[in-house]
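Have the structure open and a way to pick residues by number. We'll start with the whole chain and then zoom in on a few spots.

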Amino acid sequence: MIKNRVSTRALSRAFSTSKSSFAPATPPQRPTFTTPQPTPAEYAKEDLSKPLPPTDLPIEDYASPLLHTASSIGTFFRYAVYTSVGVVVLTLGAFAGVHVWVEKVELAGAARDDDPHHWAEDLDGWSGAYRGGGTDPRLGLRARMAIRSAWIGQSWGGGIATSAVPTSAGAGAGGAMIGAPRSNAGREVGDAGWQMAEGYLVYAIDRATKRGISLSVNDPASNVCSVDRAALELEERLAGVRERIGGRYKLEEARAGWEKVYYALSSTSDAAGWIKRERLRATKKLGEISARIASLEPEGSSGRTFQNTKAEGWFLGGLLPALTEAVGSTEQLDTPSKSISPSASFFAFWSRSHPPSRPSSLPSYVRPELEKLGRLVDQAATIQTLDPATSRAILTALVSLETFLARTRNLAAAEAIQRSSLSLASSLHLSPAFSSEPDITTLKVDPSSKTQRVLPWSTPSWLSPTLGQLHLLTRTSLVATHLAEVSLAQRQPEPEAFLRLQGAINDCDVIISALESSPLLNSTTGLSRLLPSKTRRELEVAASSIVRDARLTGAMAARLTGYVHEAGCGSISKKKKRSAKQQLWCGGDASALAFYARAMELSGSSEGSAGKVVDDKGYSEAEAGFRRAQKALQEQEAKLVKT
């Protein structure tokens, strides 16, 4: 039994051994270590002042966020620097480009000694017109930049405002009739551009003075006093800007500036033609500004009388010496020197020195000095010795004087000066200096015929004398319109005034047709390439000014004619029956309607000018008259229908 148990165990052991020998071997396992979690009691027992071992500290990455933030800031800063540099470069480039454009294009001019008409003198000089345009390099960088900035402020920037003085190149060629009230004569225009231009010009003149550039230049070696043309142009531009700003204070400053210019021109011993013309322009501006200051005084006050007397003295102080020298009169005329106080009456000084020397054919209530001026103008018309540039300046000053006399209700003197001016302008048309072929007064331009439109302008040398004739024709039309207005105000026969007005309208039509079809204002003719750029610029400016004056003058003449027709042709009442002879020149409301329509057409723009109105005030007045005449005709038709 025992043996059986042993054998059974032996067999089981053997079997299990043999079975395990055939089973696959298990891989060895990696030993693991576990740290038992301490209990709160054990934590309390530890010393908290001891630092934890490195193995117990948390492991965090602080470098990656910092590097990312620094990289983002660096990228933003790099783009900001690139953008700032680009903006600065573009701004400086634009600034330099604008100044180069103004210097080379906008302020470009032409100093042409071979042109007897001197159209370049009509361009506003900004210290470098006498050199051919631009600014004078002697002034330095800062002063030249200030001058260009002044031009930009006056021409481009600062806002839009209505000037208190006409912007036309010809004095007295504004759209308002000479008898119209000037409500804005004393109003100050708050245009930021003009105020900026004034500040820049003051700075430029100050910088020029520090460099030794001033109006009067004394040469110790030759003991000769001359005028610096750069300083002269700057002073004239500053006075002009202040005149446009308006207001009593600015007008006084403008007059002081023109007096400074006049005294500098009078003190020089140089007898050049441009000095005489600039002196005449200075006296004309002084007379106009004094007249504007007089309009600020109460009606009938001693202040207004004093200012009007001063204005008349300035007009005479420029015209009498110029005409005396032109006609070679033996009568001596003293001109004011620098020692004369600007506040003194120049007219009183001149009248005390020159009593009337001979009786006059003019009415006795015309002042002796005006009688003398009329005689000198008649002599100048007889001998025809005036050069084109001087005659243009004299005619412009005469227009300003007769306009001033008419506005101060001195109608007899105004009429006398107007008739003498018409005689002078008519004689200048026949002088050799203004001769051109064909005669512009007989030129009829057909806009539909291209050959006929181009033929008269085919020779560039013909342009300057032709513009001279057109300028004379514009002055003649303007003075004729003023003379007709003064004649009607004195209740003289209406037919003569109507003939003058109709002639002025026809002459303005000829001027507008001739110039708007010329290569100066119409580039489609293909002849503008025949002229140099600088020469073309000065002639284009002159042509544009003449066309504008012709439009304003023609509109004024048509508006005045329409008004007289609407009012019943002066002494003929609408209620009275007109004779057959009277009906030939007095057409009533129907004729008034036609003339008002013509005035609206002339006051408005020409084709291709984007609807720009030349004379807003004149257009409004003509439109109001047109509506009145139209309404009157409709009422008459309604009455006829009822009857």
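What follows is a short tour of a predicted model, from overall make-up down to single side chains.

## The big picture

Start with the whole thing: the model is predicted, and the protein is built from 20 helices and two strands. Of the 643 residues in the protein, 45% are buried.

If you look at contacts with a separation of 6 or more, 75% of them are between residues 24 or more positions apart. On the outside, the protein exposes about 34100 Å², and carbon and sulfur atoms supply 57% of that area.

## Helix α3

Helix α3 runs over residues 63-106, which makes 44 residues. From its first C-alpha to its last it reaches 62 Å, close to the 64 Å expected at 1.5 Å a residue.

Which residues of α3 are buried? They are His 99, Val 102 and Glu 103. The buried residues of α3 pack against α4, residues 141-155.

## Helix α6 and its ends

Now pick out helix α6, residues 229-245. Its 17 residues should span 24 Å at 1.5 Å a residue, and the end C-alpha atoms are indeed 24 Å apart, so the two values agree. This helix is mostly covered, with 15 of its 17 residues buried.

Both ends are worth a click. At the start of α6, Asp 228 puts a side-chain oxygen within 3.0 Å of the backbone nitrogen of Ala 230. Just after the helix, Gly 246 takes a positive phi of about 80°.

## Two residues on helix α5

Helix α5 covers residues 192-210, and Ala 192 lies in it. Is Ala 192 buried or partly exposed? Its relative accessibility is 40%, so Ala 192 counts as partly exposed. Ala 192 is 53 residues from Ile 245 in sequence, and their C-alpha atoms are 9.8 Å apart in space.

Val 202 is in helix α5 too. With 39% relative accessibility, Val 202 counts as partly exposed. Leaving out residues up to four places away in sequence, Val 202 touches Leu 238 and Arg 242. Val 202 also sits 9.1 Å from Ala 146, C-alpha to C-alpha, with their positions 56 residues apart in sequence.

## Aromatic rings and arginines

How many aromatic pairs does the structure hold? There are four. In one of them, the ring centres of Phe 315 and Phe 404 are 5.7 Å apart and the planes are at 45°; that angle falls between the 30 and 60 degree cut-offs, so the pair is tilted. This pair links distant parts of the chain: Phe 315 belongs to helix α9 (residues 302-327) and Phe 404 to helix α12 (residues 388-407), 89 residues apart. Phe 315 and Phe 404 are both buried. Elsewhere, Tyr 262, Tyr 263 and Trp 314 form one aromatic cluster.

Two arginines lie over tryptophan faces as well. Arg 229 is over the face of Trp 274, at 3.9 Å from the ring centre. Arg 392 is over the face of Trp 119, at 4.1 Å from the ring centre.

## Two buried polar residues

Glu 415 is found in helix α13, residues 411-429. Why does Glu 415 count as buried? Its relative accessibility is 12%, and buried means under 20%. The Glu 415 side chain makes a polar contact with the side chain of Gln 490, at 2.8 Å. Setting aside residues up to four places away in sequence, Glu 415 touches Leu 483, Val 486, Gln 490 and Gln 492.

Thr 474 has its place in helix α15, residues 463-489. At 1% relative accessibility, Thr 474 counts as buried. Where does its side chain reach? The side chain of Thr 474 goes to the backbone oxygen of Leu 470, at 2.8 Å. Not counting residues up to four places away in sequence, Thr 474 touches Ile 511, Ile 546, Asp 549 and Ala 550.

Terms used
Residues numbered from 1 in each chain as written. Predicted model: local features only at pLDDT ≥ 70, side-chain atom pairs only at ≥ 80, totals over all residues. Heavy atoms only, no water. Helix = DSSP H or I, 4+ residues; strand = E, 2+ residues; numbered from the N terminus. Buried < 20%, exposed > 50% of the residue type's maximum accessible area, 1.4 Å probe, protein only. Polar contact = N/O pair within 3.5 Å; in protein donor to acceptor, adjacent residues only side chain to side chain. Contact = heavy atoms within 4.5 Å. Phe/Tyr/Trp six-rings, centres within 6.5 Å; stacked < 30°, edge-to-face > 60°. Lys NZ or Arg CZ within 6 Å of the ring centre and 35° of its normal. Expected span 1.5 Å × (residues − 1). Areas by Shrake-Rupley, 256 points an atom, 1.4 Å probe, with all protein chains shown as cover.
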